[in-house]
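Dear colleague,

I am passing on the model we spoke about, and my notes follow it. Please read them with the structure open beside you.

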Amino acid sequence: MKTCSITKNLAHQNRATRNYHQSYTIRESVKVTFIDHLGEETIVDAEIGKHMLDVAQDNNIELEGACGGELACATCHLVFEQEMYDTLPEKDPEEDDMLDMAMELTDTSRLGCQICVRKDMEGMKVQIPDDGY
């Protein structure tokens, strides 16, 4: 799984701010809402720099990610609100190919394994379509 470039920067920042008396590092996060195919909303703390697939799985959100985030399936298909979608990095051709296999594909569909959490995602809502998994 490829890592988010922001994660590398955060690791450096955390080393610089770590209190020697702490046994762990405090990670910065934002609130993100996952909406399942039935419309049920779950608000989670999403660590900045993590992939959306990992955030979902860390919080017991039902998002499969069958390939382990290796961009070899479409089971981490997410639908973003247009405003947020417009700020996301451009899709790689490989992601487009995988999305072609997703059910309920929309103009704002992306794969959770390809999207890293950023500070400006605070309060974001993301839909998990019913892909039949």
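Which residue in strand 5 does I35 stand opposite? It is Q127 that I35 faces there, and I begin with this pair because strand 5 turns up again further on, paired with another strand on its other side. Before going on, please keep in mind that this is a predicted model.

On confidence, the protein chain has a mean pLDDT of 88, and 80% of its residues reach 70 or more. The stretch to treat with reserve is residues 10-16, where pLDDT stays under 50 and the model has 5 contacts beyond four places in sequence. Where pLDDT is low, the predicted coordinates should not be read in detail.

The sheet

The strands form an open sheet of 5 in the order 2-1-5-3-4, and the pairing within it is mixed. Strand 2 and strand 4 (109-111) are the edge strands, each of them pairing on one side only. From one strand to the next, the twist averages 40°.

Strand 1, residues 29-35, has 5 of its 7 residues buried, so it is largely enclosed by the rest of the structure. Its antiparallel pairing with strand 2 (residues 41-47) rests on 7 bridges, and V30 stands opposite A46 in that pairing. The hairpin that these two strands make has 5 residues between the strands, and G39 takes a positive phi near 95° in it. With strand 5 (residues 124-127), strand 1 pairs in the parallel sense over 4 bridges; besides the I35 and Q127 pair, V32 stands opposite M124 there.

Strand 3 (77-80) is joined to strand 4 by 3 bridges, the two running antiparallel, and L78 has R110 of strand 4 as its bridge partner. Strand 3 also pairs with strand 5, again in the antiparallel sense, over 2 bridges, and here the bridge partner of V79 is Q127. Q127 is therefore a residue to look at from both sides, since I35 of strand 1 stands opposite Q127 and V79 of strand 3 is a bridge partner of Q127.In which directions do the side chains of strand 3 point, and are they buried or exposed? H77 and V79 point one way while L78 and F80 point the other way, and all of these are buried. In a regular strand the side chains alternate between the two faces of the sheet.

The loop between helix 2 and strand 3

Two residues with positive phi values lie in the loop that runs from helix 2 (52-58) to strand 3, and N60 is one of them. Phi of N60 is near 55°, a positive value in a residue other than glycine, and N60 is exposed, with a relative accessible area of 75%. L71 is found in this loop between helix 2 and strand 3 too, with a positive phi of about 60° although it is not a glycine. L71, however, is buried, its relative accessible area being 18%, which is under the 20% that sets the limit for buried residues.

Salt bridges

How many salt bridges does the count come to? The count comes to 8, and I describe a few of them here. The side chains of D58 and K50 meet in one, at 2.2 Å from N to O; D58 is partly exposed with a relative accessible area of 47%, and K50 is partly exposed as well, at 27%. Another joins the side chains of D96 and K91, at 3.2 Å from N to O, where D96 has a relative accessible area of 33% and K91 one of 22%, so that each of them is partly exposed. A further salt bridge is made by the side chains of D120 and R118, at 2.8 Å from N to O, and D120 is partly exposed, with a relative accessible area of 43%.

With best regards

Technical notes. Residues numbered from 1 in each chain as written. Heavy atoms only, no water. Salt bridge = Lys/Arg side-chain N within 4 Å of Asp/Glu carboxyl O. Buried < 20%, exposed > 50% of the residue type's maximum accessible area, 1.4 Å probe, protein only. Pairing = 2+ DSSP bridges. Axes fitted to C-alpha atoms, helices over the stretch in contact; angles between N-to-C directions. pLDDT = per-residue confidence, 0-100. Contact = heavy atoms within 4.5 Å.
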